[in-house]
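Here is a short briefing on the structure below. It starts with one side chain and then moves outward to the chain and its interface.

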Amino acid sequence: MTRAELLRKLAAQLDWPDLQESTRLDDDARWDSVAQLDILMLLQRDHAMSVSAQELQESATMADVLDLVLATES
Amino acid sequence: MRTAVIQGIDHYLPEERLTNAELSALYPGWTADKILEKTGILERRIAADTERVTGAISGGGGPNSSWAIASGNWAGRAAAAFAVRIGARIADGGIDLLVFCTQSPDHFLPTTACLIQERLGLGTNVAAFDYNLGCSAFPYGLAIVRGLIDAGIASTALLLMADTYSKFIHPLDKSVRTLFGDAASAVLITAEERAAPSIGPFVLGTDGTGAGNLIVPAGAMRHPLATADLAEKTDKSDNTRTAANLFMNGPAIFEFTVKRVPALIRDVVAAAEISLDDVDLVILHQASEMLLATLQGSLRIPDEKFVRHYSRCGNTVSSTIPIALQSVIDAGRVARGDVLLVAGFGVGYSWGANLIRWEPNA
């Protein structure tokens, strides 16, 4: 899965059309526990992948999330 | 061989309903449809201000009298027969073990089971005690009761579970208020002769590193309640709570569950030397739609074997599995001799699973 593909997939899951790698998560109200759960569920359901909830919650930008998921995948 | 056999199950839900429409009015950006999509829950049942778990189990008059074994006011088609059976056992002094699970006791002390013994009018020969677990309550309770019955220490047991998490929940914390409901449940278990154990094998486990992820931080001895603990704080997800309220780190609970539960299920069927295909119904702790859908997919359990029962009561913590089990019994989905797999997991972290061969007395 490429970074671009993953970003598109997460944006669709979160219904967040303007989501970019540079999007800051730590000051965006949309990045709440439900959004984090949505990502965890998507990764588990579609990729049998379990990423660290703590690291996900500590991600400051969407780029950090992509790094975390791709590192877990590899 | 002498072994413990489940004879009947029933539960009680309080009258008050908390709907998604009511919740969506409190939480900006959350529609009733979104709450339903994320949780799978249409409404939760909430204990009234005056209702406590002792009332839920035993009635006893006053504002608690509608929550009762004593009054026979239990839910489900089996309620009348169950109440008669329990009532007969109480009347003839036959119940010699009362095991009660709650995380919302009437008092720190005395043990709530002692209050229930008095309210139910059980004999003073009864062994009665509480244990404190949440979502793993049912398999742990069955393990305790089976151990005492198979060892010849008890012969007729009431396994009771009741929780009123709503009393810990801040009204403006949608992360927990959308999920949890209050309930009580009761299981009658007796010593019988069977060719093999009817309940078991068991797999039980614990990981206290997750304790802080589902917790009421203040109010007990480690952190006695102080005025400062009642200060409200709003987190980044726009959920408000105090230190005396329930806190849940949903993503961490999800991570724990999807890592732990599939292995738990594999371990319990391996312990029984069967495969998951040999199990007739799988009844997991009814946590939320997001969790159950993920677990069902991971375990590849077909819909006809996977029990869901939470849309009209929410996550009732210790009672979710008995309520779901009763629902499939009442619906005629359980035949004598069926093999049922039950698994509970959550607060603690604590988890447990076991098999039940459904073979009550005729």
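The side chain of B:Asp163 makes a polar contact with the side chain of B:Ser104, at 3.2 Å. A polar contact also links the side chain of B:Asp163 to that of B:Ser318, at 2.6 Å. The model is predicted.

**Around B:Asp163**

- B:Asp163 sits in strand E6 of chain B, which covers residues 156–163.
- The residue is buried, yet B:Asp163 has no salt bridge.
- Which side chain of opposite charge is nearest to B:Asp163? That is B:Lys167, 12 Å away. A salt bridge would need a side-chain nitrogen of Lys or Arg within 4 Å of a carboxyl oxygen, so B:Lys167 does not qualify.
- Leaving aside residues up to four places away in sequence, B:Asp163 touches B:Val53, B:Thr102, B:Gln103, B:Ser104, B:Asp182, B:Ala183, B:Val317 and B:Ser318.
- Two of these neighbours also appear above as polar partners: B:Ser104 and B:Ser318.

**Chain B as a whole**

- Chain B holds 10 helices and 15 strands.
- Of the 362 residues in chain B, 56% are buried. B:Asp163 is one of the buried residues.
- Take the contacts in chain B between residues at least 6 apart in sequence. Of these, 76% join residues at least 24 apart.

**Interface with chain A: extent**

- On the chain B side, 15 residues are in contact with 20 residues of chain A.
- The two chains bury about 1500 Å² between them. Carbon and sulfur atoms account for 61% of that area.
- Which residues of chain B lose the most area to chain A? They are B:Lys236, B:Pro251 and B:Met290, which together make up 39% of what that side buries.

**Interface with chain A: polar and charged pairs**

- The count between chain B and chain A is 1 salt bridge.
- In that salt bridge, the side chain of B:Lys38 meets the side chain of A:Asp38, at 2.9 Å from N to O.
- Across the interface, 7 residue pairs are in polar contact, with both residues at pLDDT 80 or more.

**Interface with chain A: what chain B brings**

- Two elements of chain B each give two or more residues to the side that touches chain A: helix H8 (250–271) and helix H9 (289–299).
- H8(B) supplies the largest share of that side, 7 residues.
- By class, the side of chain B that touches chain A has 6 nonpolar, 5 polar and 4 charged residues.

Note on methods. Residues numbered from 1 in each chain as written. Chains lettered and ligands numbered in written order. Predicted model: local features only at pLDDT ≥ 70, side-chain atom pairs only at ≥ 80, totals over all residues. Heavy atoms only, no water. Contact = heavy atoms within 4.5 Å. Buried area = accessible area lost by both parts, 1.4 Å probe. Polar contact = N/O pair within 3.5 Å; in protein donor to acceptor, adjacent residues only side chain to side chain. Helix = DSSP H or I, 4+ residues; strand = E, 2+ residues; numbered from the N terminus. Nonpolar A, V, L, I, M, F, W, Y, C, P; charged D, E, K, R; others polar. Buried < 20%, exposed > 50% of the residue type's maximum accessible area, 1.4 Å probe, protein only. Lys, Arg positive; Asp, Glu negative; His and termini not counted.
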